[in-house]
Protein chains: 4
Amino acid sequence: SAVSSRSMASKTQVGFVGLGNMGSPMAKNLLKHGYPVIATDVFPESCKELQELGAQILDSPAEVADKADRIITMLPSSPNVIEVYTGPNGILKKVKKGSLLIDSSTIDPAVSKEMALAAEKMGAVFMDAPVSGGVGAASSGKLTFMVGGVEEEFTAAKELLSCMGANVVYCGQVGTGQAAKICNNMLLAIGMIGTAETMNLGIRLGLDPKLLTKILNMSSGRCWSSDTYNPVPGVMEGVPSANNYQGGFGTTLMAKDLGLAQNTATNTKTPILLGSLAHQIFRMMCARGYAGKDFSSVFQFLREEEGQ
Amino acid sequence: SAVSSRSMASKTQVGFVGLGNMGSPMAKNLLKHGYPVIATDVFPESCKELQELGAQILDSPAEVADKADRIITMLPSSPNVIEVYTGPNGILKKVKKGSLLIDSSTIDPAVSKEMALAAEKMGAVFMDAPVSGGVGAASSGKLTFMVGGVEEEFTAAKELLSCMGANVVYCGQVGTGQAAKICNNMLLAIGMIGTAETMNLGIRLGLDPKLLTKILNMSSGRCWSSDTYNPVPGVMEGVPSANNYQGGFGTTLMAKDLGLAQNTATNTKTPILLGSLAHQIFRMMCARGYAGKDFSSVFQFLREEEGQ
Amino acid sequence: SAVSSRSMASKTQVGFVGLGNMGSPMAKNLLKHGYPVIATDVFPESCKELQELGAQILDSPAEVADKADRIITMLPSSPNVIEVYTGPNGILKKVKKGSLLIDSSTIDPAVSKEMALAAEKMGAVFMDAPVSGGVGAASSGKLTFMVGGVEEEFTAAKELLSCMGANVVYCGQVGTGQAAKICNNMLLAIGMIGTAETMNLGIRLGLDPKLLTKILNMSSGRCWSSDTYNPVPGVMEGVPSANNYQGGFGTTLMAKDLGLAQNTATNTKTPILLGSLAHQIFRMMCARGYAGKDFSSVFQFLREEEGQ
Amino acid sequence: SAVSSRSMASKTQVGFVGLGNMGSPMAKNLLKHGYPVIATDVFPESCKELQELGAQILDSPAEVADKADRIITMLPSSPNVIEVYTGPNGILKKVKKGSLLIDSSTIDPAVSKEMALAAEKMGAVFMDAPVSGGVGAASSGKLTFMVGGVEEEFTAAKELLSCMGANVVYCGQVGTGQAAKICNNMLLAIGMIGTAETMNLGIRLGLDPKLLTKILNMSSGRCWSSDTYNPVPGVMEGVPSANNYQGGFGTTLMAKDLGLAQNTATNTKTPILLGSLAHQIFRMMCARGYAGKDFSSVFQFLREEEGQ
């Protein structure tokens, strides 16, 4: 079949749509692994560096789809994905039968399902494969991919994704990659705010923050935010809290992911009390000057005092 | 001084007040380590087993204080502690100068400070040393003690507490043991509810709970409630969720500890948004039939469906 | 123009799509006021009563649009509205130039805007006009309509809506009718839960509920839920709390409206801390057997005790 | 009995302890009504004005109790009340049998009960009578008193309180005055935050704030904060939002009252989900520069934008 012939087609051209902070280093890693890359982006200047490295740059997703039967997309949000796939110059306008379309954007799983349906009508296969890990992990090829879609295509997807990530996890039907990403980030957000509140309370009660961290980490309060990404300046090195909350994972991005979690919860009628409140807290932080700081700056947000 | 003579007095009598589910196995471990124990409890029947094992049973805390210059107390809540120390038959009525008084109850740190002040007036030393770990850890001598009080007395306290626990951590001035306990349990509560919400949402979105657990535990959503005490039946063995939420740490006790966290936060004017909401959620669970179940039953509480 | 000729066309045919619990009595009131009604519904049995009263029943929204240039729609949720307007047998397939389309459903204002745009492309005018007031107000013609759309068309819309409602309020551009409805219901939900929590706390503190109600209503705690729709059984007559929370405004419907509020807040990046938590509380109530009760049953939900 | 002889003793001396912003105008109103006032305050300068108006100033509450058998106290918080009644120079040191002691402070109802018990032991009667209404109402004698205590003494209390307030409401046993005050302010806080969130959301959705206010006030969203004390600048005149949130009821005071509500809820195991979150929101505002502004500034707090 078309599909199997494409799966065999190792080291033939791979399309890439979306050359932003994440997409650009991801596409570079494909080049490094010897794949010819055909790319496009709405901002032509984003394409220059990749072009110099040997990628072919085209004008639209449709043109990319005309040339490559394996395409990866990495876009900011649901409307961009809808446009890139189903818009007037979208991938599906020219997609070849049997093509494999992998979307690594973080979007609403309901949109992933819609795209999969639309792709299926054109004889193509769509998988969602959002990532965890930031720009650093994208550059070093250490991303984690959470992949949703038909299981028979997972091997073909993994072949490409392994060039860009250290872990490629199959999650189930289309949309479950997004679901896993959203779930992880919701629990991460809750754990981070919880850690910030707890550290702040402990300090107010006279505890040394390093000692409290040590106690939490050997006890049942332990979590990733307490033992790996502690939000209190002076407790750990090499984390955003040690660098005035610069770098890392921005509060705006966390608020966006929690908005997705909220939408999926509302649509599935699932109660998420702490998840909702976490969303609101990061939303409020965005409204009060913390939009560009790492999300662990919630410690600073809670801590500020009268008169400061 | 009186203090140093007492500190030297290894294997002389140790007083014990409060022989409940926790206190009783703790006192037994003191006996096992060769300490003569002089004990009392408001319920005489609680004393029988210890008496058969060789402990001397007296009628009141005051009488215990008259005979022993090292006393451990293990009581349900602040009012009991106040009564046992400063009541008409309380320890401080007959305490000897230089005595070491260690309170392992979980109470408001402000009460610990009051007791320390009252003890100091009588020439005695008070330390707070609440525990983490339940009845099982109390029986096997594997408790963790978080100790607050004057640092010079920590060695003397540790000598006794080591008979009953695997970890004895010095936290700082009086009250910081309570503070550490309260902080850990608040973060634990937040992590548990967060894990329950996340697992429920993931399942609704089509993810297999074991797979989602695996993904969280290799990612930034990882926490003690996801990797050690998972609240979803079928994911782990040997945890309360595998046994209809029996045993473990009761919802009522968690609600009590969160009430302490809320009080200390209110008194120190510390914002704890998720901590407050976690308190309210466990409080609501107590009102709806979950009081006696393990606190991880919050998964079941959130999950129940219309018509069930 | 086509529009003004239609506006003049008093007592000519009016189309009506959606003859459910609300739509049916609304359409009857149009008949009572002498308007010939041409109606349709996906469930043919819903049409019988109206047919007997003289309405003409057709098979699809498209056919209604083919005959009437003023159409009112009253549907359960956004997907239904999208289908009825833009589906294969939808109104816009056969809409006449200059038609006035009024949607009284409660939906996401973003969908109202989409429908208005789609209608505009066909030369028609779309207005959103959601209602407050339940089945009783629909029957007695006492609904309140909150209307969004181009101001020049408001008079024409009001002519029809006045047959079905006591108040017709112009809110602004398309979508603002929905916005006003959503805002009111969010504040209503917050006030109701707040009243329930407050009454419950007061009762626990020894206050008589009637006396507490009186005090609140003469003070700054006063709100519609305390003075008009008190959730505590025995305080007022003629409200759902006096009738085991039957009738009134169902918890499911409130949860749906709060879901819309949450969506619009997420999309506009607006923090709604209490609004979000209110949404989650009603969602949790739906999951625990309160779906069909009036939303004031939140008092009962919070109140239930251990052992009951 | 002593009590009845005192009740008859109209226009004999009245003691007053606590001459702060509220106490001072209250005591003046007693003078205006012809009562000889014997007063004291920890800050001597607070007494000058009253002294010039004819009041007798003494050095301590005990001395006041030695001379007057009807005493009113108006103090900032629970510890002050405990000191003024039971401290070494407190009222109960010299209180006459049959004295009537009325505390208008806003404190924990549990403390009111303790004071009542302590007074009873000395043969005196203690009532709690917290007020609603601020400094303006205190000056003009328009306060509302919520009174708890033995019903037979209410007439005697009302005689005095009527000089200072427009409404004197009997609430039940000791502590219920505080309970009523706390309950009202909790619902007020929830209504205010809810109104602020709702107005902000409506404005973001394109509604005019005056129009939205009008719609809410004719609908079920109506509450005191929407119709009497609207938090949006430009909607109403003569309220703090019209004056940069100056004057009115300070955020710190609201946070304090919500702390009391939280304490009583924790102690009575009452779930208050919105009440708790409201407490945390005002607490956070205090930490971020809003401590001295009127509590309706929560609108501004929620509204601030990125970059501002």
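**Entry 1: chain A against chain B**

I started with polar contacts across the interface of chain A and chain B, and the rule finds 22 residue pairs there, both residues at pLDDT 80 or more. For my own memory: a polar contact is a pair of N or O atoms within 3.5 Å; within protein, one must be able to donate a hydrogen and the other to accept it, and residues adjacent in sequence count only if both atoms are side-chain atoms.

A caution to self: this is a predicted model, where local features need pLDDT of at least 70, side-chain atom pairs count only at pLDDT 80 or more, and totals for chains, interfaces and linings use all residues. Residues are numbered from 1 along each chain as its sequence is written, chains are lettered from A and ligands numbered from 1 in the order in which they are written, and side-chain values use heavy atoms, with hydrogens and water left out.

Next I asked for salt bridges (a side-chain nitrogen of Lys or Arg within 4 Å of a carboxyl oxygen of Asp or Glu). The rule finds two across the A and B interface. One of them joins the side chains of A:D227 and B:R222, at 3.0 Å from N to O.

Which element gives the most to the side of chain A that touches chain B? I found α10(A), with 19 residues. Elements giving two or more residues to that side also include β8 (143-148), β9 (165-172) and α11 (209-217). I took helices (H or I, at least four residues) and strands (E, at least two) as DSSP runs, numbered from the N terminus.

In total, 56 residues from chain A meet 56 residues from chain B, where contact means heavy atoms within 4.5 Å. The pair buries about 5,100 Å², and carbon and sulfur atoms give 70% of that. Buried area here is the accessible area (1.4 Å probe) that two parts lose on being put together, summed over both.

**Entry 2: how the copies are related**

I laid chain A on chain B: the RMSD is 0.1 Å, after a turn of 180° and a shift of 0.0 Å along the axis. The two copies are thus related as by a two-fold rotation axis. In chain A, the C-alpha nearest the axis belongs to A:C223, 2.0 Å from it. The fit is by least squares on the C-alpha atoms of residues with pLDDT of at least 70 in both copies.

**Entry 3: chain A against chain D**

I then turned to chain D. Here 14 residues from chain A and 14 residues from chain D make the contact. Between them they bury about 1,200 Å², 54% of it on carbon and sulfur atoms. I got zero salt bridges and two residue pairs in polar contact. On the chain A side, α14(A) gives the most, with five residues.

**Entry 4: two residues in chain A**

The unreviewed UniProt entry marks A:K181 as "active site"; such annotations may be inferred rather than shown by experiment, and positions follow the numbering used here, with feature names shortened. A:K181 sits in helix α10 (residues 176-204). Buried or exposed? I read A:K181 as buried, because its relative accessible area is 8%; buried means under 20%, exposed over 50%, partly exposed in between (1.4 Å probe, protein chains only). Residues that A:K181 touches include A:M146 and A:D257. Its side chain also has a polar contact of 2.5 Å with that of A:T106.

I also checked A:T251, in helix α13 (residues 251-267). A:T251 is buried, with a relative accessible area of 0%. Among the residues A:T251 touches are A:F282, A:M285 and A:Y290.

Methods
Lists of a residue's contacts leave out its neighbours within four places in sequence.
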